[in-house]
Amino acid sequence: MKKNVVLIGFMGTGKSSVGRRLAKILKMDFVDTDAEIEKLTGLTVAQIFARHGEKRFRSEEELIVKKVARRQNCVIATGGGVVLNPENVKNLKETGVIICLTAEPETILERVKRRNTRPLLPRGSTVERVNELMEQRRAYYEAAADYTVDTTHLTREEVVKEILKLL
Ligand code: S3P
C-alpha cells in the first residue's frame with residue numbers, strides 16, 4: 001500500500017501551502033488537520049483556544065488525527081503541536097511517511113507575522129519566544145521525522161521538489 005505523506009513541523013514552516021501543492025502533483029488528496037478541526041467544531045483554532053483552552057484543542061486534534069491517519073492516498077498537513085502527543089505520532093506513522101519542515105526562528109517570525117491566527121505566537125511575539133518554543137519541541141520533531149527539509153532559503157516549489165526527491 002502506498003503511504004500517506006505527512007508534513008510535521010513548527011508553525012510557519014509552510015506545511016499547509018507545501019502540502020496542498022504536493023498533493024496536486026502526486027494526485028493525492030490534501031488534508032489539513034487544523035482545517036478539519038475547524039470544520040468539525042465550527043470554530044477557528046484561535047476561537048477554540050480562547051473559548052475552551054489549549055487542552056480542548058489538543059483533544060480535538062487527537063480525534064481528527066486518528067481519523068485522518070486511517071485514510072489512504074493523502075498528503076496530510078498537521079498543526080505544529082501534533083508531535084507533542086505520542087498517540088498522534090504513532091497513528092500518523094502507521095500509515096504515513098513523516099516529513100519534518102524546519103526554518104530559522106527569524107524566518108518563522110516573519111512568516112507568522114503576516115497573519116495573526118496563531119494563539120501560541122500572537123502579534124508582537126519575539127524571536128526569543130519562537131526560539132524557546134522551538135527548543136521545547138526540537139526532540140519531538142526529530143524523533144517523529146523520517147526526513148527533514150530546511151525551508152529557510154527555499155521557495156514553496158523548491159521545498160516540494162526536495163520532498164519529491166525523498167519519496
Ligand atoms: C500550533 C500550531 C498551529 C495550530 C495551533 C497550535 C502549535 O498550526 O495547530 O495554533 O502548537 O504549534 P500551524 O503549525 O499550522 O500554524
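**A friendly note on the ligand's surroundings and two helices**

1. Let's start with a residue in the middle of things: Lys 15 is buried, with 29 other C-beta atoms within 10 Å. Keep in mind as you read that this is a predicted model. Lys 15 sits in helix 1, which runs over residues 15–26. If you set aside residues up to four places away in sequence, Lys 15 touches Leu 7, Gly 9, Ala 77, Thr 78 and Leu 101. The unreviewed UniProt entry lists Lys 15 under "binding site", along with Gly 12, Thr 13, Gly 14, Ser 16, Ser 17 and Arg 118.

2. Which residues are around the ligand? They are Met 11, Lys 15, Ser 16, Asp 34, Val 45, Gly 79, Gly 80, Gly 81, Arg 118, Pro 119 and Leu 120. Sorted by class, this shell has 4 nonpolar, 4 polar and 3 charged residues. Try finding each of them in the structure before you read on.

3. Two members of that shell also appear in another record: the unreviewed UniProt entry places "binding site" at Asp 34, Arg 58, Gly 80 and Arg 137. Look at Asp 34, which belongs to helix 2 (residues 33–41). Is Asp 34 buried or exposed? Asp 34 is buried, because 22 other C-beta atoms lie within 10 Å and the cut-off for a buried residue is 20 or more. Apart from neighbours within four places in sequence, Asp 34 is in contact with Val 45 and Gly 79, and both of these contacts are listed around the ligand too.

4. Gly 80 is on a loop, the one that joins strand 3 (74–77) to helix 5 (86–95). Gly 80 is buried as well, with 24 other C-beta atoms within 10 Å. Its contacts, leaving aside neighbours within four places in sequence, are Gly 9, Phe 10 and Met 11.

5. Now for the loop between helix 6 (105–113) and helix 7, where you will find Arg 118. Pro 119 is in the loop between helix 6 and helix 7 too. Arg 118 counts as partly exposed, with 17 C-beta neighbours inside 10 Å, and Pro 119 counts as partly exposed with 16. Not counting residues up to four places away in sequence, Arg 118 touches Met 11 and Val 112. For Pro 119, leaving aside neighbours within four places, the contacts are Val 45, Ala 46 and Phe 49. There is a nice example of folding here: Pro 119 and Gln 47 are 72 residues apart along the chain, but their C-alpha atoms are separated by 8.9 Å.

6. Helix 4 (residues 54–69) is a good one for practising how to read a helix. It has 16 residues and reaches 22 Å from its first C-alpha to its last, close to the 22 Å expected at 1.5 Å a residue. Its buried residues are Phe 57, Glu 60, Glu 61, Ile 64, Val 65, Val 68 and Ala 69. Seen down the axis of helix 4, these buried residues fall within an arc of 155 degrees, so they line one face of the helix. On the other side, Lys 55, Ser 59 and Leu 63 are exposed. The buried residues of helix 4 pack against strand 2 (29–32), helix 2, helix 3 (45–52), strand 3, helix 5 and strand 4 (96–102).

7. Helix 5 can be read in a similar manner. Which of its residues are buried? They are Asn 88, Val 89, Asn 91 and Leu 92. These cover an arc of only 165 degrees around the axis, which puts them on the same side of helix 5. Pro 86, Glu 87 and Glu 94 are exposed on the other side. The cover over the buried residues includes strand 1 (4–9), helix 4, strand 4 and helix 7 (127–144).

8. Finally, a look at backbone angles. Most residues other than glycine have a negative phi. Lys 27, however, has a positive phi of about 55 degrees although it is not a glycine. Lys 27 is in the loop between helix 1 and strand 2, and is exposed with 7 other C-beta atoms within 10 Å. Asn 73 has a positive phi too, of about 60 degrees, and is not a glycine either. You will find Asn 73 in the loop between helix 4 and strand 3, where it is partly exposed with 14 other C-beta atoms within 10 Å.

Terms used
Residues numbered from 1 in each chain as written. Predicted model: local features only at pLDDT ≥ 70, side-chain atom pairs only at ≥ 80, totals over all residues. UniProt positions renumbered as here; feature names shortened; annotations may be inferred. Helix = DSSP H or I, 4+ residues; strand = E, 2+ residues; numbered from the N terminus. Buried ≥ 20, exposed ≤ 12 C-beta atoms within 10 Å, placed from the backbone. Contact = placed C-beta atoms within 7 Å. Expected span 1.5 Å × (residues − 1). Arc of directions from axis to C-beta. Near = placed C-beta within 6 Å. Nonpolar A, V, L, I, M, F, W, Y, C, P; charged D, E, K, R; others polar.
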